[in-house]
Amino acid sequence: MLSAVARIFRTPDLRRKVLFTLGIIAVFRLGSFVPAPFIDYANVRECIAGQSSSASGLYQLVNVLSGGALLQLSIFALGIMPYITSSIIVQLLRVVIPRFETLYKEGQEGQARLTQYTRYLTIALGVLQSTTLITVAKSGALFGTTNTAACQNLVTSNEWWATVLMVLTMTAGTGLIMWMGELITERGVGNGMSLLIFTAIAARFPQSIIAIGQAQSPEVAVVVVAIGVVIVGLVVYVEQSQRRIPVEYAKRMVGRRTYGGNNTYIPIKVNMAGVVPVIFASSLLYLPALIAQFNQPRDGSAPAPWVTWIQNYLTTGDHPLYMALYFLLIVGFTYFYVAITFNPEEVADNMKKYGGFIPGIRAGRPTAEYLDYVLTRVTLPGSIYLGLLALIPLVAFVAIGANQNFPFGGASLLIIVGVGLETVKQIDSQLQQRHYEGLLR
């Protein structure tokens, strides 16, 4: 392993790519600690230190994906989340808008146009999300039930031009992150956007373990690390699992040459949806809590009964109703997202066009029905796996009181494992091209 790492730095081209990627990552982490204009950083730190461990919801997920920059109200507070959201929206719009589907099928030029639409939508979402974040910070509801004087005075100026400057700064930070991610993809190693998310999440792991050790005991922290190693191993096993459907191609003569006749397979992963259903479910569950926050009485009187019900059952992640809804939403969104991203009829038509068939299954509609049959049954364990994995931090809070400090679970672990495996594969392939030996033997 160490000799393989040494070969990376002995190869000039690969060394330049790795060092460039590390440099961009360092700039990304530095920006996560630079506060936005008119933000009282001392009050922010005080609120973070006194934050309730039972708080949960979309803001906690975004805070994890931004490497803690969201709750610090830094220039990179929004992180990569606007780009993720816009990418998902553009992908879903392919089903609704025929023009988008046409562009997707046009090849590189059409996909470049879709990428440009994604960038425009990212900036628009950055403006919207930064405005919402600053509004919530001014109201004192950013840290949930932590309602101290410091949390009520996070923003030092209420002037309209100060708000505009903060919105522009955070939106520009989002655009800069998007640009840095694309630079890594073009000149560095791996997918830039994914690596920036990986860095943001991995940077919080040591802090989370130390916080568990301080809140509970060092023995509990050791047990959490041991459980985390087991969970990571199981996640790697499931993420690599796939159902391979054999495909054969008939031989055909073109002039004096024979084409086709080879055998291949269609890989259907157990977890085809990735982390998207977890993000969808968190976003949907956070909406009632957000509505309840903006319907709190200003005069200090008792809130409406429906606001109290939401605060009791849909705000904290340790309630059984919250866990059940979270699990069911993830299962439902998994089927929804897989049905959109994998079209059995399109795959069957492409196979028929090039003379491919599944042994024992007729080409055309029977092939599409068979693919849909397999996909539906493979998605069931995948959706249950996603739901259980997302519940691990909530169960950890109930068991040891370490909800936000428990790093091994939910969206963060899925991203860490997925991006790590993909990046290692890319480095391994580049090493094999030059030294005939990869990173891992």
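These notebook entries record what I looked up in a predicted model of one protein chain.

**Entry 1. The whole chain**

I began with the overall make-up. The chain contains 17 helices and five strands. I then asked what share of the 441 residues is buried. Buried residues account for 45% of them. I also looked up how far apart in sequence the contacting residues lie. Among contacts with a separation of 6 or more, 71% join residues that are 24 or more positions apart. For the surface, I noted an exposed area of about 22300 Å², of which carbon and sulfur atoms supply 62%.

**Entry 2. Helices H5 and H6**

I turned next to helix H5, residues 81-96, and helix H6, residues 98-105. At what angle do their axes cross? The crossing angle is roughly 110°, and the axes come within 6 Å. H5 is therefore roughly perpendicular to H6, since angles of 65 to 115 degrees are placed in that class. I then listed the residues that meet. H5 contributes Val90, Leu93, Arg94 and Val96, while H6 contributes Pro98, Phe100, Glu101 and Tyr104. By type, the residues of this contact comprise six nonpolar and two charged, with no polar ones.

**Entry 3. Thr118 in helix H7**

I selected Thr118, which is found in helix H7. Is Thr118 buried or exposed? Its relative accessible area is 7%, so Thr118 is buried, the cut-off being under 20%. Leaving aside residues up to four places away in sequence, I recorded that Thr118 touches Tyr83, Ser86, Ser87 and Val90. Val90 had already appeared in Entry 2, as one of the H5 residues that meet H6.

**Entry 4. Val155 and Phe38**

I then examined two residues in loops. Val155 lies in the loop between helix H7 (108-139) and helix H8 (160-187). Its relative accessible area is 13%, and Val155 is therefore buried. Which residues does Val155 touch, not counting residues up to four places away in sequence? I found Phe38, Ile39, Ala137, Lys138 and Met166. I also checked the distance from Val155 to Leu73, which is 82 residues away along the chain. Their C-alpha atoms are separated by 9.7 Å.

Phe38, one of the residues touched by Val155, became my next subject. Phe38 is found in the loop between helix H2 (12-31) and helix H3 (41-49). At 25% relative accessibility, Phe38 counts as partly exposed, because that class runs from the 20% limit for buried to the 50% limit for exposed. I noted the backbone as well: the phi of Phe38 is near 65°, a positive value in a residue other than glycine. Most residues other than glycine have a negative phi.

**Entry 5. The sheet**

Last, I traced a sheet. In what order do its three strands stand? They form an open sheet in the order E4-E1-E5, with antiparallel pairing. The edge strands are E4 and E5, each of which pairs on one side only.

I looked up each pairing in turn. Strand E1 (residues 242-249) and strand E4 (residues 263-269) run antiparallel and are joined by seven bridges. Within this pairing, Arg243 stands opposite Ile268 in E4. Strand E5 (residues 356-357) pairs with E1 over two bridges, again in the antiparallel sense. Here Tyr249 stands opposite Gly356 in E5. I added a general reminder that strands of a sheet pair through backbone hydrogen bonds, either parallel or antiparallel.

Methods
Residues are numbered from 1 along each chain as its sequence is written. This is a predicted model: local features need pLDDT of at least 70, side-chain atom pairs count only at pLDDT 80 or more; totals for chains, interfaces and linings use all residues. Side-chain values use heavy atoms; hydrogens and water are left out. Axes are lines fitted to C-alpha atoms, for helices over the stretch in contact, and angles run from 0 to 180 degrees between N-to-C directions. Helices (H or I, at least four residues) and strands (E, at least two) are DSSP runs, numbered from the N terminus. Angles under 35 degrees count as roughly parallel, over 145 as roughly antiparallel, 65 to 115 as roughly perpendicular and the rest as oblique. Contact means heavy atoms within 4.5 Å. Ala, Val, Leu, Ile, Met, Phe, Trp, Tyr, Cys and Pro count as nonpolar, Asp, Glu, Lys and Arg as charged, and the others, Gly among them, as polar. Two strands pair if DSSP finds at least two bridges between them. Buried means under 20% relative accessible area, exposed over 50%, partly exposed in between (1.4 Å probe, protein chains only). Accessible areas come from the Shrake-Rupley method with a 1.4 Å probe; for residues, only the protein chains shown count as cover.
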